[in-house]
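Got the viewer open? Here's a short walk through the model, one selection at a time.

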Amino acid sequence: MPQRSNGTNAKRVNLALQGGGAHGAFTWGVLDALIADGRLEFEGISGASAGAMNAVAVAQGWLDGGRDGAREALERFWGRVAAHQALMPLRNAPWEQAIWGHDLTYSLAYQGFENFVRTFSPYQFNPLDWNPLRQVIQETMDFDRLRAASPHKLFISATDVATGKARVFTERELSVEVLTASACLPFLFQAPTIDGKRYWDGGYSGNPPLWPLFETCTPEDIILVEINPINRAELPTSAPDILNRLNEIGMTTALRGEMRAIAFVQRLRDEGRVDAARYRRLHVHAIHDEEAMVAYNVSTKFNADLGFLRELKALGEAAARGWLADHFVDVGVRDSVDIRARYL
């Protein structure tokens, strides 16, 4: 897609990026399309897990080379993820891929993986805490430069193991440990220690966190990029489908709570029951392709095959372009998503 000039009329927004393993490649596509379009500028970006990776990749690339640099950084990050995955055993054999496609649920490798991690903890089978994602982060991010001169306000969530509370790290606190903490799956990796506290995946407590965006950023518009389906029409009846739905519900519970709070305050503001000068009118937007994403279960969040990542990226690009065509005019004016209908 040709890149448009942002000129002086670009609308400033905040981004909130969900986490969800390899499904974060959908967000890669959304970001690539929004950046290439050129009509939006980003002040704050919040993210959890894969959303945090995308957020920092955008900031790193923008720092290195503006819009083109941001798109290149996203390409480089997900390319490195796929390259490391190619060396891992957790993938479908050719004959399994021919039968199940990207779904790993019934593959021998995934079945063995699930049984193994339900029996042994990472403190037993991974005493040296080897984490391929840490290598990818080290290869693609320059935290010294980002802490000093990030072009965006960043809000990276992780979950305090001891309290269960969300901890949100800013761009001035970025490090390898912060990012690995935000994406730390507790049955695979040891909890990183930061300032004497242990952390797990940020998706458990804020996927993604919204409150830093409206408390510390100027734009009134938040664009939420969703990769975890909110709704499923069919009742899950098999064990894998039940576990998959539980994962989706768990990864959206905190988001629903924040949306409820936003809707409540907005209603009080519209009714004149709170100080309008103190409580800003927020405009909430959501980019997703729930119809497509419901086809991918939790096992596919571990599938970082480059072909699959590019398939997800293409879905994200299409979703972003559709949203721009239908709702760019709403930015700065109104919500483009019905909060109550979708989340409450």
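First stop: select residues 24-37, helix α1, and pick out Asp-32 inside it. Keep in mind that this is a predicted model.

Is Asp-32 buried or exposed? Its relative accessibility is 8%, under the 20% cut-off, so Asp-32 counts as buried. Show its neighbours too: leaving out residues up to four places away in sequence, Asp-32 touches Arg-71, Leu-74, Lys-313 and Glu-317.

Now zoom out to the whole helix. Of the 14 residues in α1, 14 are buried, so the rest of the structure largely encloses it. Want to check its length? At 1.5 Å a residue α1 should span 20 Å, and its end C-alpha atoms are indeed 20 Å apart. Step just past the helix and you land on Gly-38, which has a positive phi of about 85°.

Next, the interior. Select Leu-34, Leu-40, Phe-42, Val-56 and Phe-143: these have the most contacts inside the largest nonpolar core, a set of 62 residues. Helix α2 (residues 50-85) supplies the largest share of this core, with 14 residues. Another core, of 19 residues, lies apart from it; Leu-213, Ile-262, Leu-282 and Ile-339 are among its members.

Go back to Phe-143 for a closer look. Beyond its sequence neighbours up to four places away, Phe-143 touches Val-56, Ile-137, Leu-174, Ser-175, Val-176 and Leu-179.

Last stop, the surface. Select Tyr-123, Val-161, Phe-187, Trp-200 and Tyr-204, a nonpolar patch with about 440 Å² of accessible area together. Tyr-204 sits in the loop between β6 (197-201) and α9 (211-216), and at 39% relative accessibility it counts as partly exposed.

Definitions and conventions. Residues are numbered from 1 along each chain as its sequence is written. This is a predicted model: local features need pLDDT of at least 70, side-chain atom pairs count only at pLDDT 80 or more; totals for chains, interfaces and linings use all residues. Side-chain values use heavy atoms; hydrogens and water are left out. Patches are made of residues with over 30% relative accessible area and no salt bridge: like charges are joined within 9 Å, nonpolar side chains (Val, Leu, Ile, Met, Phe, Trp, Tyr) within 5 Å. Accessible areas come from the Shrake-Rupley method with a 1.4 Å probe; for residues, only the protein chains shown count as cover. A salt bridge is a side-chain nitrogen of Lys or Arg within 4 Å of a carboxyl oxygen of Asp or Glu. Helices (H or I, at least four residues) and strands (E, at least two) are DSSP runs, numbered from the N terminus. Buried means under 20% relative accessible area, exposed over 50%, partly exposed in between (1.4 Å probe, protein chains only). Contact means heavy atoms within 4.5 Å. The expected span of a helix is 1.5 Å times one less than its number of residues. A nonpolar core is a set of buried Ala, Val, Leu, Ile, Met, Phe, Trp, Tyr and Cys residues joined through side-chain atoms within 4.5 Å.
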